[in-house]
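Got the model open in your viewer? Keep a selection box handy and let's take a walk through it.

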Amino acid sequence: MSSKKVATAVIDFLNQATATSAVSDEEKESLEVAAQCIKDSFKVEPNEITPGSGKRLVDAYEAYEQQHPVEASSTASNNTDEAEKLKAQGNEAIAKKEYQSAVDLYTKAIELDPTSPVYYSNRAAAYSQLGQYESAVEDALTSLSIDPKHSRAYGRLGRAKLSLGDAGAAADAYEKGLELDPSNDVLKRGLEAAKSQMNSSSDVDAQASTTEQSRDGGAGGTGGMPDLGSMFSGGMPDLGSLMNNPAIMNMAQNMMQSGALNNMMNDPNIANMARNFGSGGGMPDLSALASNPQLQNLARGFMNNQNNGNSENNSQ
């Protein structure tokens, strides 16, 4: 059938439509304009329009449609159904902790229907279980680009970011998810974990700064050596107070256990100070004590042990 014959059949169909009472006056006017445009475009003369050709054109189209359903719609529907089956299988694999199988099944679902935010979000969860957090972040972001209101994707993004050590980004993701789903307990717990990690990191940074200052001389001006001058600045200290001082007792205990006390007494200068002090020779020379290498090393070891213990207590 030539294009002009099709045009005449369409014109006849439009003419028949304008003759029915099913269309309004405004719609009839639009149909008449359309018919005139087709006449002008295809150079159709009035005597070339065959009455009834419009009806035959409609009948021919309906017959063809019955014999040849729209393949595109059928294919899309079949793909969606198959993708949903694959998603369900992926969910079952997650429940069985078969995370790589879940990734493979979600990937096949995505290939059939790349427009679903759920498939990307679910695959992000499986990637996190495998420790592949960068891939999880990518899938979560893809899911949110398709549907910015998919709250579960924010949860998967938060978990991956938290596992990568980016607690700030994780907290932001969880908060956005809670804006969409305020009662979601998973998002609430995730936000608490992110904030806890942020606080823990702040504590560790502060402790590291304190430790660094101590190593640089902040604990007494001699690279971690206790300030013996200030300890004895008021004269000979009360022995009872010294015995009750945990730091002094700990240092003394370390000295005895490590044999450092015996080594120090082998130092002629230390031994001489001890003899003079024991025989009433007066207060020992504190500057000489502070500059003694053995005493300095012992004090540094004591201070480092204290700092390391504090750091461990702040870690989680």
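Start by selecting Thr18: is Thr18 buried or exposed? Thr18 is buried, with a relative accessible area of 16% (buried means under 20%, exposed over 50%, partly exposed in between, with a 1.4 Å probe and protein chains only). Before we go on, a note on the ground rules: this is a predicted model, where local features need pLDDT of at least 70, side-chain atom pairs count only at pLDDT 80 or more, and totals for chains, interfaces and linings use all residues. Residues are numbered from 1 along each chain as its sequence is written, and side-chain values use heavy atoms, with hydrogens and water left out.

Now colour helix H1, residues 3–18, which holds Thr18 (helices are DSSP runs of H or I, at least four residues; strands are runs of E, at least two; both are numbered from the N terminus). Show the neighbours of Thr18: leaving aside residues up to four places away in sequence, Thr18 touches Val23, Lys28, Leu31 and Glu32 (contact is heavy atoms within 4.5 Å). Draw a distance from Thr18 to Glu32, C-alpha to C-alpha, and you should get 7.3 Å, for a pair 14 residues apart in sequence. Then look at the Thr18 side chain, where a polar atom sits 2.6 Å from the backbone oxygen of Asn15.

Next stop: Ser53, in helix H3 (residues 53–67). Ser53 is buried too, at a relative accessible area of 9%. Select Thr8, Ala9 and Asp12 as well; Ser53 touches these, not counting residues up to four places away in sequence.

Move on to the repeats. An unreviewed UniProt entry places "repeat: TPR" at residues 83–116, 117–150 and 151–184; such annotations may be inferred rather than shown by experiment. Select 83–116: the span is 79% helix and 0% strand, with its end C-alpha atoms 10 Å apart. Select 117–150 and you have 79% helix and 0% strand again, with the end C-alpha atoms 7 Å apart.

Last, turn on the surface and find the second largest pocket, with about 360 Å³ of space (a pocket is an open set of points on a 1 Å grid over the protein atoms alone, where a 1.4 Å probe fits, with protein on both sides within 12 Å along at least five of seven lines; lining residues have an atom within 4 Å of a point). To centre on it, pick Ala125, Arg152, Gly155, Arg156 and Val186, the closest to its centre of the 15 lining residues. Helices H6 (117–129), H8 (151–163) and H10 (185–218) each give two or more residues to that lining, and H8 has the largest share, 5 residues.

Key. Grid points are joined across faces, edges and corners, and a volume is the space filled by probe spheres set on the points. A polar contact is a pair of N or O atoms within 3.5 Å; within protein, one must be able to donate a hydrogen and the other to accept it, and residues adjacent in sequence count only if both atoms are side-chain atoms.
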